[in-house]
Amino acid sequence: MSERRPPHDCPVCGETLALTRLSCQACGTELSGDFQACEFCALSGDERELLRVFLSSRGNMKELQSYLGVSYPTARLRFDGLLAKLGLDRGAAAPPPPADRVEVLQALARGEIDLGEAEHRLER
């Protein structure tokens, strides 16, 4: 029997549905209120499997690429879409201009900053 999943969005207006009722299958107890839904519950079965493979490979994108049977950029794109759906997409920060990168690397070479500081400046 396939897994029955409740809808995430209202079929009338498209807004997110609220979780307001829980029940116990064993004794029939019912609870009503405004409950917070699991953030992963909105994922499709394929998206949950993608996340499961990524986690089981300890974040190794090459293993995810191999599992999906696609190129690295395609695997990365699918994973980025998953992050966006979960609201974890921070957007790619623009790399520093080339002149700034050179300055950071020169400061590192002169010993004015350590490797951690250089990485931090280059990530901004």
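Here a trainee and a mentor talk through a predicted model of a protein chain.

Trainee: Which pattern does the protein chain follow along the sequence?
Mentor: Start with the elements. The secondary structure comes to five helices and two strands. Read along the sequence, the pattern is β-β-α-α-α-α-α.

Trainee: What percentage of the residues of the protein chain count as buried?
Mentor: A residue is buried when its relative accessible area is under 20%. The protein chain has 124 residues. Of these, the buried share is 17%.

Trainee: How much area does the protein chain expose, and what percentage do carbon and sulfur atoms supply?
Mentor: The exposed area is about 9,800 Å². Of that area, the part supplied by carbon and sulfur atoms is 53%.

Trainee: Among contacts between residues at least 6 apart in sequence, what percentage join residues at least 24 apart?
Mentor: Take the pair F79 and L50 as a case. They are 29 residues apart along the chain, and F79 touches L50. Among contacts between residues at least 6 apart in the protein chain, those joining residues at least 24 apart make up 29%.

Trainee: Is F79 buried or exposed?
Mentor: F79 sits in helix α3, residues 72-85. Its relative accessible area is 6%. The cut-off for buried is under 20%. F79 is therefore buried.

Trainee: Which residues does F79 touch, leaving out those up to four places away in sequence?
Mentor: Look at L50 to begin with. The C-alpha atoms of F79 and L50 are separated by 7.7 Å. With residues up to four places away not counted, F79 touches L50, F54, M61 and L64.

Trainee: How are α1 and α3 placed, roughly parallel or roughly perpendicular?
Mentor: Helix α1 covers residues 45-56. It packs with α3 at an angle of about 110°, and the axes are 11 Å apart. Angles of 65 to 115 degrees count as roughly perpendicular. So α1 and α3 are roughly perpendicular.

Trainee: How do the residues of the contact of α1 with α3 divide into nonpolar, polar and charged?
Mentor: From α1 come E47, L50, L51 and F54, which meet R78, F79, L82 and K85 in α3. The contact's residues divide into five nonpolar, no polar and three charged.

Trainee: In which crossing does α1 pass α3?
Mentor: The angle of this pair is about 110°. The crossing is left-handed.

Trainee: With which residues is Q65 in contact, leaving aside neighbours within four places in sequence?
Mentor: Q65 lies in helix α2, residues 61-68. At 19% relative accessibility, Q65 counts as buried, since the cut-off is under 20%. Leaving aside neighbours within four places, Q65 is in contact with V70, S71, Y72 and A75.

Methods:
Residues numbered from 1 in each chain as written. Predicted model: local features only at pLDDT ≥ 70, side-chain atom pairs only at ≥ 80, totals over all residues. Heavy atoms only, no water. Helix = DSSP H or I, 4+ residues; strand = E, 2+ residues; numbered from the N terminus. Buried < 20%, exposed > 50% of the residue type's maximum accessible area, 1.4 Å probe, protein only. Contact = heavy atoms within 4.5 Å. Areas by Shrake-Rupley, 256 points an atom, 1.4 Å probe, with all protein chains shown as cover. Axes fitted to C-alpha atoms, helices over the stretch in contact; angles between N-to-C directions. Parallel < 35°, antiparallel > 145°, perpendicular 65-115°, else oblique. Left-handed = near helix turned anticlockwise from the far one by under 90°. Nonpolar A, V, L, I, M, F, W, Y, C, P; charged D, E, K, R; others polar.
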